[in-house]
Structure formats: structure tokens, C-alpha cells
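Let's take a friendly walk through a protein model. Have a look at the structure below, and then read on.

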Amino acid sequence: MGERIKELRKFLGLTQQEFATRLGSVQNTITGYETGRRTPSNQVIALICREFGVSEEWLRTGEGEMLVAVTPDENFMGERIKELRKFLGLTQQEFAKRLGIKRNTIANYEVGRNDPIDAIVTLICREFGVSEEWLRTGEGEMIVPDEDLLTAFIEKVRAERKDSFKKRFVLNLAALDDFGWGMLERVMENMTKG
């Protein structure tokens, strides 16, 4: 099987490190598979087949075609996380950093090794303005309309401690008159010119 893993990796034009990253693994593990020192588990075999569209029969026995036509699973949340991340133009590392979690956690979500817990789903939706319905089911629009984002932001700020910077800042904004808004706009324009 190691020979076929190596053949697949070279066919895809990936280094061992790139192949490992796509699987949420490390390069040494892939080296072990390719040299026959390690045998991939059934879970890893299924992951390779799903991630790269490979025939399990070919991977296990060498018979049949290497690649199979894969129809995306609508209920596979990892695909939507990957779609969102690419839409935002973020690497797995950048996406993970915004959420305060590790890069390989995102990789594991994207390849279907793990599903995010509810708290992470909520965090993704809040951080990136994503519809929870779309993230969980694939239905509806990916991005929440601005009005919904604003409402969610206001509710979040209302729940903050009374002395939090966010709450004080928003309350000060709410107290501005037209002159104050004009001044703030000029300050923002000057900041972005620099």
C-alpha cells in the first residue's frame, strides 16, 4: 500500500509535507507509510480516499482505477468550513488564529476527521459573520446580512461587563451628535490616508 500512497502523492504533485498537511498528519507518518514501516489505519485509508477522491479498492489492492468520481456530501460541515476559509482568503493557520485554536484542528475539520463542537460553530459564525444554518446544513446564504450582524454585535456588546472597552466605546458612539460623527469621519479618513 505504501507504494500506492507514494504513487498517488506524486500523481497529485505534492510533497510528503503537503500530503500530510492535507490529512492533518505529519511528514514522518507519510514517510512511514511510503516505506512500509507503518500501515495506515482503516480511518486513515478512508480519509485518503475522501480527501483525494481515490478508490479504496485501488488503494488497498492496486486493482481498478486510482481516482473515482466523488459527489460532495451536503452534510459534511468540513467542506463548508474549507469553502468559507477559501472565500475569506485565509490559510488554515490564519483562520485558526482568528478563532484561537490550532491549525491542525482546522485541518481535521476540513478533512472530516473531527466535527467542530457547538461552541466552535458559534465562534466561527460570530467571528466571520456566517449563517449557522448554512454552516451546519449547507442551506441558505453563507454570509449573514449586515443587519443581522449588527444586531448580533449589539447583543454581544450588551452582554459585556459594564466597564469593558467595547461597551464604553459603543455607548460613546451612540451619544455622538452629527458634528461628532463628522469629526470621527475626518479622523478615520486621515488615519487611512497615512
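## Charges, shape and a ring pair

In this predicted model, the chain carries 29 positive and 32 negative charges, and the mean positions of the two groups lie 9 Å apart.

Next comes the overall build. The chain has 13 helices and 0 strands, so reading along the sequence you meet one α after another. How does the radius of gyration of the chain compare with that of a compact globule of 194 residues? The chain has 23 Å, whereas such a globule would have a value near 16 Å. The C-alpha trace spans about 75 × 35 × 30 Å along its principal axes.

Now for the surface and the inside. About 12600 Å² of the chain is exposed, with carbon and sulfur atoms supplying 52% of that area. Buried residues account for 36% of the 194 residues. Looking at contacts between residues at least 6 apart in sequence, 49% join residues at least 24 apart.

Finally, the aromatic rings. How many aromatic pairs does a search of the whole structure find? The search finds 3. One of them is formed by F95 and F128: the ring centres are 4.6 Å apart and the planes meet at 10°, so this pair is stacked. The pair links distant parts of the chain, as the two residues are 33 residues apart. Here are the two partners side by side:

| Residue | Helix | Relative accessibility |
|---|---|---|
| F95 | helix 7 (residues 92-99) | 0% |
| F128 | helix 9 (residues 118-128) | 9% |

Are these partners buried or exposed? Buried means under 20% relative accessible area, so F95 at 0% counts as buried, and F128 at 9% is buried too.

Technical notes:
Residues are numbered from 1 along each chain as its sequence is written. This is a predicted model: local features need pLDDT of at least 70, side-chain atom pairs count only at pLDDT 80 or more; totals for chains, interfaces and linings use all residues. Side-chain values use heavy atoms; hydrogens and water are left out. Helices (H or I, at least four residues) and strands (E, at least two) are DSSP runs, numbered from the N terminus. The radius of gyration is taken over C-alpha atoms; the globule rule is 2.2 Å times the number of residues to the power 0.38. Buried means under 20% relative accessible area, exposed over 50%, partly exposed in between (1.4 Å probe, protein chains only). Contact means heavy atoms within 4.5 Å. Accessible areas come from the Shrake-Rupley method with a 1.4 Å probe; for residues, only the protein chains shown count as cover. Lys and Arg count as positive and Asp and Glu as negative; His and the chain ends are not counted. The place of a charge is taken as NZ of Lys, CZ of Arg, CG of Asp or CD of Glu. Rings of Phe, Tyr and Trp (its six-membered ring) pair if their centres lie within 6.5 Å; planes under 30 degrees apart count as stacked, over 60 as edge-to-face and the rest as tilted.
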